[in-house]
Amino acid sequence: MSVVGSGPTSDGSVAKLIEIAEKPTLGRRLISWASRPPGRLYIPACAAVALIILFEDSVPSGHLPSFIVGLAGGLLLAGMGALRLGIALAVARPMIRHYWLRWISAPLIAALAIGISAADVPLSARVQASAEDLLDLRERADESTTIPLNGERAGMYALRSITMADEVVHYEVQGAGLWGRAGLAHSADEIPEGVFVPGQGARIYEHVTDDWYVWVEH
């Protein structure tokens, strides 16, 4: 006589046990999630957002798409990290001590990215790497008109146009500026910062490195 299907581990019994088993609540799911240290997705996501922020900082006056993605991603990851840490401190402190390196990785990545951006390292490095190619374009600059470049690359920047006004060469960088036109300027003479300069229209300047400035049109 066959006993297949009649034992306690038959498919029907297992399905019944699964059906009547108590489903975990949202609170239990959060505790289970927070009890595990940051892993293979969270830390790389933090690194990716940090790189986006550094790229945004390397563009004169910022880059709107990167700014939006970096801000949204950073706020989301910071909120997740704070929630996870708060729950872990309440119910799983031994896990924090045991996996301390993984727990501090995200804050270290964030602090490093913020520090590098605050020091304007991405912008200065990218301008210096592009300076020679940008200076080669000066012969095209014209005092009387703007010369379109239609995305032509010079060093690490794609340019929309080049123009000259009172010996200051202006390079409009494609995609630069959060709210308006922006780019780089080169001048052998010092340009006042943070004010409108006579003969330079509605541009405001900020020094970057050597003879290079960022300009923003207001």
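What share of the 218 residues of the chain counts as buried? The figure is 36%. The model is a predicted one. Seven helices and six strands make up its elements. Read from the N terminus, their order is α-α-α-α-α-α-α-β-β-β-β-β-β. The points below take the pockets, the cores, the helices and a few single residues in turn.

**The largest pocket**

- The largest pocket holds about 570 Å³ of space.
- Its lining counts 26 residues, and Gly-74, Ala-78, Ala-106, Pro-107 and Ala-110 are the closest to the pocket centre.
- Three helices each supply at least two lining residues: H3 (42-58), H4 (64-91) and H6 (100-118).
- Helix H4 gives the most to this lining, with ten residues.
- By residue class, the lining has 19 nonpolar, four polar and three charged members.

**The second largest pocket**

- About 200 Å³ of space lies in the second largest pocket.
- This pocket has 13 lining residues, and those nearest its centre are Pro-60, Ser-61, Leu-123, Glu-206 and Val-214.
- Helix H3 gives two or more residues to the lining, as do strand E5 (203-209) and strand E6 (212-217).
- Strand E5 has the largest share, three residues.
- Seven residues of this lining are nonpolar, two are polar and four are charged.

**Nonpolar cores**

- The largest nonpolar core has 22 residues.
- Within it, Leu-159, Tyr-171 and Leu-184 touch the most other members.
- One helix, H7 (121-136), is on the list of elements that give two or more residues to this core.
- The strands on that list are E1 (147-154), E2 (157-165), E3 (168-173), E4 (182-186) and E6.
- Another core, of seven residues, lies apart from the largest one.
- Its members include Ala-185, Val-197, Tyr-213 and Trp-215.

**Helix H4**

- H4 has 28 residues, so at 1.5 Å a residue it should span 40 Å.
- Its end C-alpha atoms are 41 Å apart, which agrees with that expectation.
- The buried residues of H4 are Ser-66, Gly-70, Gly-73, Leu-77, Gly-81, Arg-84, Ile-87 and Ala-88.

**Helix H6**

- H6 has 19 residues, so at 1.5 Å a residue a span of 27 Å is expected.
- The distance between its end C-alpha atoms is 27 Å, in agreement.
- H6 has a kink of about 30 degrees at Ala-106, shortly before the proline Pro-107.
- Ala-106 and Pro-107 also appear among the residues closest to the centre of the largest pocket.
- Buried in H6 are Trp-103, Ser-105, Ala-106, Ala-113 and Ser-117.
- Just after H6 comes Asp-120, with a positive phi of about 60 degrees.

**Helix H7**

- H7 has 16 residues, so at 1.5 Å a residue it should span 22 Å.
- Its end C-alpha atoms lie 24 Å apart, which agrees.
- A kink of about 50 degrees is centred on Ser-130 in H7.
- Ser-130 is buried, and so are Pro-122, Leu-123, Ser-124, Arg-126, Val-127, Ala-131 and Leu-134 of H7.
- Leu-123 is also one of the residues nearest the centre of the second largest pocket.

**Single residues in the strand region**

- Glu-167 sits in the loop between E2 and E3.
- Glu-167 is not a glycine, yet has a positive phi of about 70 degrees.
- Is Glu-167 buried or exposed? Its relative accessibility is 58%, so Glu-167 counts as exposed.
- Asp-210 sits in the loop between E5 and E6.
- Asp-210 has a positive phi of about 50 degrees, although it is not a glycine.
- The relative accessible area of Asp-210 is 57%, so Asp-210 is exposed.
- Glu-217 belongs to strand E6.
- With a relative accessible area of 28%, Glu-217 is partly exposed.
- Glu-217 and Trp-179 are 38 residues apart along the chain, and their C-alpha atoms are separated by 9.3 Å.

Methods: Residues are numbered from 1 along each chain as its sequence is written. This is a predicted model: local features need pLDDT of at least 70, side-chain atom pairs count only at pLDDT 80 or more; totals for chains, interfaces and linings use all residues. Side-chain values use heavy atoms; hydrogens and water are left out. On a 1 Å grid over the protein atoms alone, a cavity is a set of points where a 1.4 Å probe fits but cannot get out, and a pocket is an open set with protein on both sides within 12 Å along at least five of seven lines; lining residues have an atom within 4 Å of a point. Grid points are joined across faces, edges and corners, and a volume is the space filled by probe spheres set on the points. Helices (H or I, at least four residues) and strands (E, at least two) are DSSP runs, numbered from the N terminus. Ala, Val, Leu, Ile, Met, Phe, Trp, Tyr, Cys and Pro count as nonpolar, Asp, Glu, Lys and Arg as charged, and the others, Gly among them, as polar. A nonpolar core is a set of buried Ala, Val, Leu, Ile, Met, Phe, Trp, Tyr and Cys residues joined through side-chain atoms within 4.5 Å. Buried means under 20% relative accessible area, exposed over 50%, partly exposed in between (1.4 Å probe, protein chains only). The expected span of a helix is 1.5 Å times one less than its number of residues. The bend at a residue is the angle between axes fitted to the seven residues ending there and the seven starting there.
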